[in-house]
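This report covers internal cavities, two individual residues and aromatic pairing. Please keep the sequence and the 3D view at hand.

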Amino acid sequence: MKKQHLFLLLIALLQISCEKDDVCPATTQTTPRIIIEFYDIAAPDEIKAVPGLFAIGLDTNANEVPIYNELVSTRSSIALPLQNNSNQTQFKLYESYNPIDTPVSGNPDTITITYEIETVYVSRACGYINNFSIQTFSIASDNDQWMINSEILITTQVTNENEIHVKVLH
Amino acid sequence: MKMKSMSKYFISALGCLSLLMSLNAQEVETEASDSIVVKEKYGLRLGADLSKITRSFLETDYMGFEINGDYRLLKRLYIAGELGSEKKTTTTNYLSSTAKGTYLKAGVDYNMYENWAGMENLIYSGLRFGFSNFNQTLNSYTIYDTNSLTWGQNEVVDTDSFSGLTSGWIEILLGLKTEVLNNLFIGLNMQIKARLFESEPDNFENIYIPGFGRTYDSGKFGIGFGYNISYLIPLYKKAR
């Protein structure tokens, strides 16, 4: 009888040992993207949507890289993923982008973001995430520049996507 | 006739006497040879954990060895301990890490089983204090980034090593030991553990602690199993 109890307990313990905290839960804070919000150059405190805003990534060789889940839309803010293995990421931001026209119409401006990376441990299942400290945010000047000025709002670390990290005036 | 009955009487009387004498003799003999008083073996039992050896052969990410021993102090009480070494690689979707080190566990076992005469099996509960000295290597990791489809995921292979880590824990055991051959025991036990302290590696955690086993995100508890073979070196005998 005693032995039977022992084996039952053993089986119960085996069940516990199969507990899975080896799967990363979807609710875990991931490596944040950088959030840019657009304001009116004439009234810097007022949010102003960008018509037909569209972003394309530029790799280190200036080749265009499509951004996952990025769609053309008129909006006042955009979330951009930074490269995890570099301290600099470039994007081409289009205003009034129209992919139907050939050649595609729209006004592209190139932005360069430099940042410092801190790798932060999360858990055995999720491993590590990156947090960024934005060092510089620059807009390449051209003849037809639609983004006029910018301001880094989060000078400390970018840890989530719930706040605006950079303000751009246009 | 008379003579016959006389002799009959004599024989039966002799028989009675001899029976009495023999009974008497038996009593004397009992006291001298201890055939009723059962003695039990006291000594040092030494063994090894077979499950760890087996796992070392079967699993590529595990290497382990444990020797264990107990010394019978009282009828039911044993001083017991384990000494072992483990190396375990844990791999999840986002990281791979190897823990390697040695451990020592010391405590007591209490036999709860009432044996039949001549048997010396154990169903026991035990208590241990465990201590481990180990190091942990972060073999590789991939940054957790749900937006990584844009730039691609890249595995970071930098062998970050954390050495000189320690951890201590308390353990409750439940197990059995059966004498299968003279002085040779086969045993089975399970352990429930609670971590008392651990040195946390910087920007990482102890995923596996030699002796303690894998850690859980949910808390300080852990579990373990053992399957032992051991040999009793009898030192003296004592009445039970």
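Which residues line the second largest cavity? They are B:E40, B:R72, B:K75, B:R76, B:Y78, B:N111, B:Y113, B:E114, B:N115, B:E120, B:N121 and B:R240. The model is predicted.

**Cavities**

A search of the whole structure turns up 4 cavities of 30 Å³ or more. The largest has a volume of about 160 Å³. Its lining counts 23 residues. B:N68, B:E82, B:R128, B:N189 and B:N228 are the closest of these to the cavity centre. Several strands of chain B each give two or more residues to this lining. They are β1 (39-49), β2 (62-72), β3 (77-91), β4 (95-111), β5 (122-142), β7 (160-181), β8 (184-198) and β11 (221-239).

The second largest cavity holds about 80 Å³ of space. The make-up of the two linings is set out below.

| Cavity | Nonpolar residues | Polar residues | Charged residues |
|---|---|---|---|
| Largest cavity | 4 nonpolar | 8 polar | 11 charged |
| Second largest cavity | 2 nonpolar | 3 polar | 7 charged |

**B:N115, a lining residue**

B:N115 belongs to the lining of the second largest cavity. Where does B:N115 sit in chain B? It is found in the loop between β4 and β5. Is B:N115 buried or exposed? Its relative accessibility is 8%, so it counts as buried; the cut-off for buried is under 20%.

The side chain of B:N115 has a polar partner. One of its polar atoms lies 2.8 Å from the backbone oxygen of B:N121. Leaving out residues up to four places away in sequence, B:N115 touches B:E120, B:N121 and B:R240. B:E120, B:N121 and B:R240 also line the second largest cavity.

**B:I170, a strand residue**

B:I170 is placed in strand β7 of chain B. Strand β7 (160-181) is one of the elements that give two or more residues to the lining of the largest cavity. With a relative accessible area of 26%, B:I170 is partly exposed.

Which residues does B:I170 contact, leaving aside neighbours within four places in sequence? The partners are B:L127, B:R128, B:F129, B:I192, B:K193, B:A194 and B:L196. One of them, B:R128, is among the residues closest to the centre of the largest cavity.

Now compare sequence and space. B:I170 and B:N183 are 13 residues apart in sequence. Their C-alpha atoms are 30 Å apart.

**Aromatic pairs**

A pair of aromatic rings is described by the distance of the centres and the angle of the planes. Over all chains, the structure holds 14 aromatic pairs. A:F54 and A:Y97 form a stacked pair, at 4.5 Å centre to centre and 25° between the planes. A:F54 lies in strand β2 (residues 50-58) of chain A and A:Y97 in strand β6 (residues 88-98) of chain A, so the pair ties together parts that are 43 residues apart in sequence. Both A:F54 and A:Y97 are buried.

A:Y121 and A:Y128 form an edge-to-face pair. Their centres are 5.1 Å apart, with 65° between the planes. A:Y121 is buried at 13% relative accessibility. A:Y128 is buried too, with a relative accessible area of 3%.

Which aromatic cluster includes A:Y121 and A:Y128? The two residues form one cluster with B:Y141, B:F162 and B:F204. The cluster thus has members from chain A and chain B.

How values were computed: Residues numbered from 1 in each chain as written. Chains lettered and ligands numbered in written order. Predicted model: local features only at pLDDT ≥ 70, side-chain atom pairs only at ≥ 80, totals over all residues. Heavy atoms only, no water. 1 Å grid on protein atoms, 1.4 Å probe; cavity = no way out; pocket = protein on both sides within 12 Å on 5 of 7 lines; lining within 4 Å. Points joined across faces, edges and corners; volume = space filled by probe spheres on them. Helix = DSSP H or I, 4+ residues; strand = E, 2+ residues; numbered from the N terminus. Nonpolar A, V, L, I, M, F, W, Y, C, P; charged D, E, K, R; others polar. Buried < 20%, exposed > 50% of the residue type's maximum accessible area, 1.4 Å probe, protein only. Polar contact = N/O pair within 3.5 Å; in protein donor to acceptor, adjacent residues only side chain to side chain. Contact = heavy atoms within 4.5 Å. Phe/Tyr/Trp six-rings, centres within 6.5 Å; stacked < 30°, edge-to-face > 60°.
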